[in-house]
Amino acid sequence: MAECINSESELPKSNCASPSPTETVCLESLCSGNNPGTSHDIANQKLINFVYIDEAKPEKDNILSELGFVEECDDDTSTNKDESWEDCIDQDFPEELPVDNELAVSLYLYFSFFEDVSSSEETEECNANHGTPKSSQIKRTLNSAERNVRKRKLDVNNGFPSKKVQSEICPMSTISSNNQCDTSPSSLQVVSTIVTPSSRIRAVIPTKDNPPPEMSEWLTQFTTWSNAERIMAINELIKCCEPTQVRHMMQVIEPQFQRDFISLLPKELALNVLSFLEPRDLLKAAQTCHSWRVLAEDNLLWKEKCKHAGIEEIPKKRMSSRSLGAHMSPWKAAYMRQHAIEMNWRSKPIREFKMLKGHDDHVITCLQFCGNRIVSGSDDNTLKVWSATTGKCLRTLVGHTGGVWSSQMSGNTIISGSTDRTLKVWDADTGICKHTLYGHTSTVRCMHLHGTKVVSGSRDATLRVWDIETGNFLHVLVGHLAAVRCVQYDGRLVVSGAYDYMVKVWNPETEECLHTLQGHTNRVYSLQFDGVHVVSGSLDTSIRVWEVETGACKHTLMGHQSLTSGMELRNNILVSGNADSTVKVWDIVSGQCLQTLSGPFKHHSAVTCLQFNNRFVITSSDDGTVKLWDVRTGEFIRNLVALDSGGSGGVVWRIRANDTKLVCAVGSRNGTEETKLLVLDFDIESNSSSSISR
């Protein structure tokens, strides 16, 4: 280095400018690989002289012209004389350099090494202080130069970066007399020093078959370390890695943790794991692979899913094998069918309903729906039996001499109660009246059927127990002081509510009143009884929950503002409809109100009837609408029926529903709506396909 830089005798001091830090390092690199006195040393000394010549001097232009670098460059065309020779050398170098001219090689490497690197602040400061050339070829930094080296292509034969393809030019070696590249060690000595400014840059790209020689030693050392030492080494290694290398690690490591554990487990354990998935996720898992699909089709697995969804048995009517798949398990088919039906209720377009016209303009006072038969009773003294499938009136039951105000149905047996103070037992298949039950002295206002026994309540303040098979009168229950408005019978106990504000619990076999449940301050209009709890609704706006065994009032449910006209009780969940136009969902064990079905989509008049299951609540109202609600969230889903005459006299009196059909009794008291039954079908179509929504 000293021999290169301190050769002041060779450099005119008047024209000498101090080298920039970058040039010093570059010149040091050029000189460090040569022995003094050799031809290489002379070439390098000439290169240094070239750099130190003032850029305004013509010597540089002469040297470049002599070497063939500026043959086509016309200095007169340059508007900036300071940069004329530098602009010329930005052109492509000639394909052949002067033979045995090592200064040409050195100059080529010097300018090609700094070709595309941008200027730095350090270089600008050096230019200002020392007057070094301002051109883009001289103002460089070593780090930028190193990046430039990495950008260059690696020649397959010698591994050195090259600006042109080897077949076009051989810049990294001297040119022999036969125009072949001289790749001898002596000719490559200067080149190797420049190309490898850092020991991290190798001449050959490492491969699996040709790894760096130090790697084997490094891996051997790694295997001798403890687990803690290996983790520390990995952490330090990751810190040294660039983002691309970290991503490569992830691509290599992640597949190591991807194991099909379900297929590797015993079938019993795999099914136990899958049992924790929701049905929707179970269907997605079945699409993973064949082995997962086989497990996800397990019949017992889907039986549990059906149990949680409230599906107790496999329906007789099943979806076609084309819709569900030929190998679907029966319980899965039942679940998928139920889901398709639920989607029909919730969101699918409502199909055109069947319209069953009858009873002229009379009021439909009671409604029953069992199997494919619908039975409607009216104040026109008749009952009509309809087909829920075809919508046809199968027969009209004629015999009562007063309006029919209560009815019950089981199988093909129909029982009706009338203002003519009698009960009649009918055969639904033939329309024949099998028995007429006499005994009451006033209107038969309510009744409840269990097995072959029916209990009737009358405005005469008594209850009577009958055998519908024989038509015999069995028992009379006396104790109320006013008309009996509602009754429930579970085969063991009878519970009755009356206009005397009382609720009574009876043993029908002994005709004994076990408990008189006092607490209401107005007429009792509705009752529910599940064998453990009695729930009563009154005109006093309250709902009371009683323990049937002790007669104690467990809860008083407050919240409604008027008469509770209808209630339903299932699994300790009570749904109540009120004349204040609201519907409430209660937990009778805790006494808490779970949901209030109101809001902007609530009914605008009294709630007349309701039905609910473990998914939906269906409510009807004097405003002429039937609404569908989510029983869990209390959210309004949509209107199932909305009469054009709603709000001007159109009324929905009664509703009855099963899993797939809804029957509504509609009409009006002022003639604005014709009396009729509407049947809405939400069953799956024969050609429909089912999929659980994502």
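Here a student and a tutor talk through some labels used for this predicted model.

Student: Why is Trp-218 called partly exposed?

Tutor: Partly exposed is the range between buried, under 20%, and exposed, over 50%. Trp-218 has a relative accessible area of 44%, so partly exposed is the label for it.

Student: What makes Trp-218 part of a nonpolar surface patch?

Tutor: A patch residue needs over 30% relative accessible area, and Trp is on the list of nonpolar side chains, which are joined within 5 Å. With 44%, Trp-218 passes that area cut-off. Its patch partners are Met-215, Leu-219 and Leu-237, and the patch covers about 370 Å².

Student: Which helix gives the largest share of that patch?

Tutor: That's helix α10, residues 213-223, with three residues. Trp-218 sits in α10.

Student: Does anything else turn up around there, and what lines the second largest pocket?

Tutor: The second largest pocket is lined by 15 residues, and Pro-212, Met-215, Trp-218, Leu-237 and Met-249 lie nearest its centre. Helices α10, α11 (227-240) and α12 (243-253) each give two or more residues to that lining. As for volume, this pocket has about 590 Å³.

Student: How many residues of that lining are nonpolar, polar and charged?

Tutor: Twelve are nonpolar, one is polar and two are charged. Trp, Met, Leu and Pro count as nonpolar.

Student: How do you know that Glu-236 and Lys-239 form a salt bridge?

Tutor: The rule asks for a side-chain nitrogen of Lys or Arg within 4 Å of a carboxyl oxygen of Asp or Glu. For Glu-236 and Lys-239 the N to O distance is 3.5 Å, so the pair counts. Both lie in helix α11, three residues apart, about one turn of the helix.

Student: Is each of those two buried, partly exposed or exposed?

Tutor: Lys-239 has 62% relative accessibility, so it goes over the 50% line and is exposed. Glu-236, at 40%, falls in between and is partly exposed.

Student: What makes Asp-630 and Arg-346 a salt bridge?

Tutor: Their closest N and O atoms are 2.9 Å apart, and the cut-off is 4 Å, so they qualify. The pair links distant parts of the chain: Asp-630 is in strand β32 (residues 625-630), Arg-346 is in helix α19 (residues 330-346), and they are 284 residues apart.

Student: Why is Asp-630 called buried?

Tutor: Buried means under 20%, and Asp-630 has 10%, so the word fits. Arg-346, at 22%, counts as partly exposed.

Student: And how do you know that Asp-681 and Lys-661 form a salt bridge?

Tutor: Their closest N and O atoms are 3.8 Å apart, which is within 4 Å, so this pair counts too. Asp-681 lies in strand β36 (residues 676-681) and Lys-661 in strand β35 (residues 661-668), so the bridge ties together parts that are 20 residues apart in sequence. Lys-661 is buried at 12%, while Asp-681 is partly exposed at 25%.

Student: What joins Glu-342, Arg-346, Arg-615 and Asp-630 into one network?

Tutor: Salt bridges that share partners do it. By the same rule, the count comes to 15 salt bridges.

Student: Why is Asp-360 called exposed?

Tutor: Its relative accessible area is 61%, and exposed means over 50%, so it qualifies. Asp-360 is in the loop between β5 (354-357) and β6 (364-370), and it has a positive phi of about 50° although it is not a glycine.

Notes:
Residues numbered from 1 in each chain as written. Predicted model: local features only at pLDDT ≥ 70, side-chain atom pairs only at ≥ 80, totals over all residues. Heavy atoms only, no water. Patch = residues over 30% accessible without salt bridge, like charges linked within 9 Å, V, L, I, M, F, W, Y side chains within 5 Å. Areas by Shrake-Rupley, 256 points an atom, 1.4 Å probe, with all protein chains shown as cover. Helix = DSSP H or I, 4+ residues; strand = E, 2+ residues; numbered from the N terminus. Buried < 20%, exposed > 50% of the residue type's maximum accessible area, 1.4 Å probe, protein only. 1 Å grid on protein atoms, 1.4 Å probe; cavity = no way out; pocket = protein on both sides within 12 Å on 5 of 7 lines; lining within 4 Å. Points joined across faces, edges and corners; volume = space filled by probe spheres on them.
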